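Reader: I've got a new model open and would like to walk through it with you. Shall we take it piece by piece?

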Amino acid sequence: MSLFKGPFFDMKIGEEIEKDITVEYEMMYNESNGYGAYAVSDNFDENSYFNISGIFAKQLVIGQTYLIKGTVCEYRRQKQLKVNKVVISRPQTKKGIITYLKTLDKIGEKRAESIYNTFGADSIDVLMKDPDRVVKELKRVSKDLAINWQNQLKELIESDQILAKLYDFGLSVN
């Protein structure tokens, strides 16, 4: 699947870019070497779609928001971005927030939507900072579960910050 449109295609081969993207479709991922190819959308231009490829520390999640950095290249006479840095970023859209919430224990599609419908764009902040409010406003959520979600979010954010720092020091998965 190739979704080729938007300002990305005006960029020159060899140009370095950094963008917030959402993964729309996985074309392939090889677990043995980490190589993957994905169709993505630009989070700041909803009409811009392009492909990315590279070696990723872990498989990217469809619907998840990432900050990527890479070089525009050509593959089979079409432009794509060869990624050399990828870090999970805070989702901005309903779809992104729900996808992010579903990475937590005991949160499936229905519960993630319920959380989003209750707290909106602040869902992640509320889960991370106010477990008492979570227990009070959501049905069938115990204090232990709310604290578990809070701890998981803190660990996710901390590990993403560590990975981002390692990339800043020159670590590359390529």
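Author: Happy to. One thing up front: this is a predicted model. Let's begin with β4 and β5, which pair in the antiparallel sense over ten bridges.

Reader: Which residue in β5 stands opposite I68?

Author: Strand β4 covers residues 65-75, and β5 covers residues 78-88. The two strands run antiparallel. Opposite I68, in β5, stands V86.

Reader: How many residues sit between β4 and β5 in their hairpin?

Author: One residue in the turn is R76, with a positive phi of about 50°. R77 lies in the loop between β4 and β5 too, and its phi is near 65°. Most residues other than glycine have a negative phi. As for the number of residues between the two strands of the hairpin, it's two.

Reader: Is R77 buried or exposed?

Author: Exposed means over 50% relative accessible area. R77 is in the loop between β4 and β5, and it clears that cut-off at 76%, so it counts as exposed.

Reader: Where does K106 lie, the other residue I'd like to check for a positive phi?

Author: Phi of K106 is near 65°, a positive value in a residue other than glycine. K106 has a relative accessible area of 66%, so it is exposed. Its place is the loop between α1 (94-101) and α2 (109-119).

Reader: Back to the strands. Which residue in β4 is the bridge partner of T22?

Author: β1 spans residues 16-29 and is joined to β4 by seven bridges. Those two strands run antiparallel. In β4, the partner of T22 is T65.

Reader: What is the geometry of the aromatic pair?

Author: The structure holds one aromatic pair, and Y38 and F56 form it. A pair of aromatic rings is described by the distance of the centres and the angle of the planes. Here the centres are 5.5 Å apart and the planes meet at 85°. Planes over 60 degrees apart count as edge-to-face, and this pair is edge-to-face.

Reader: How many residues apart in sequence are the parts that this pair ties together?

Author: Y38 is buried at a relative accessible area of 0%, and F56 is buried at 3%. Y38 lies in β2 (residues 35-42), while F56 lies in the loop between β3 (45-55) and β4, so the parts tied together are apart in sequence by 18 residues.

Reader: What is the volume of the second largest pocket, and which elements give two or more residues to its lining?

Author: The volume comes to about 210 Å³. Of the 16 lining residues, the closest to the centre are K58, Q59, Y66, I88 and D160. The elements that give two or more residues to the lining are β5 and α5 (143-168).

Reader: How many residues of that lining are nonpolar?

Author: Two residues of the lining of the second largest pocket are charged and three are polar. The nonpolar ones number eleven.

Reader: Zooming out, what pattern does the protein follow along the sequence?

Author: There are five helices and five strands. Read along the sequence, the pattern is β-β-β-β-β-α-α-α-α-α.

Reader: And what percentage of the contacts with a separation of 6 or more comes from residues 24 or more positions apart?

Author: For background, the protein has 174 residues, and buried ones make up 41% of them. Among contacts with a separation of 6 or more, the share from residues 24 or more positions apart is 52%.

Definitions and conventions:
Residues are numbered from 1 along each chain as its sequence is written. This is a predicted model: local features need pLDDT of at least 70, side-chain atom pairs count only at pLDDT 80 or more; totals for chains, interfaces and linings use all residues. Side-chain values use heavy atoms; hydrogens and water are left out. Two strands pair if DSSP finds at least two bridges between them. Helices (H or I, at least four residues) and strands (E, at least two) are DSSP runs, numbered from the N terminus. On a 1 Å grid over the protein atoms alone, a cavity is a set of points where a 1.4 Å probe fits but cannot get out, and a pocket is an open set with protein on both sides within 12 Å along at least five of seven lines; lining residues have an atom within 4 Å of a point. Grid points are joined across faces, edges and corners, and a volume is the space filled by probe spheres set on the points. Ala, Val, Leu, Ile, Met, Phe, Trp, Tyr, Cys and Pro count as nonpolar, Asp, Glu, Lys and Arg as charged, and the others, Gly among them, as polar. Rings of Phe, Tyr and Trp (its six-membered ring) pair if their centres lie within 6.5 Å; planes under 30 degrees apart count as stacked, over 60 as edge-to-face and the rest as tilted. Buried means under 20% relative accessible area, exposed over 50%, partly exposed in between (1.4 Å probe, protein chains only). Contact means heavy atoms within 4.5 Å.
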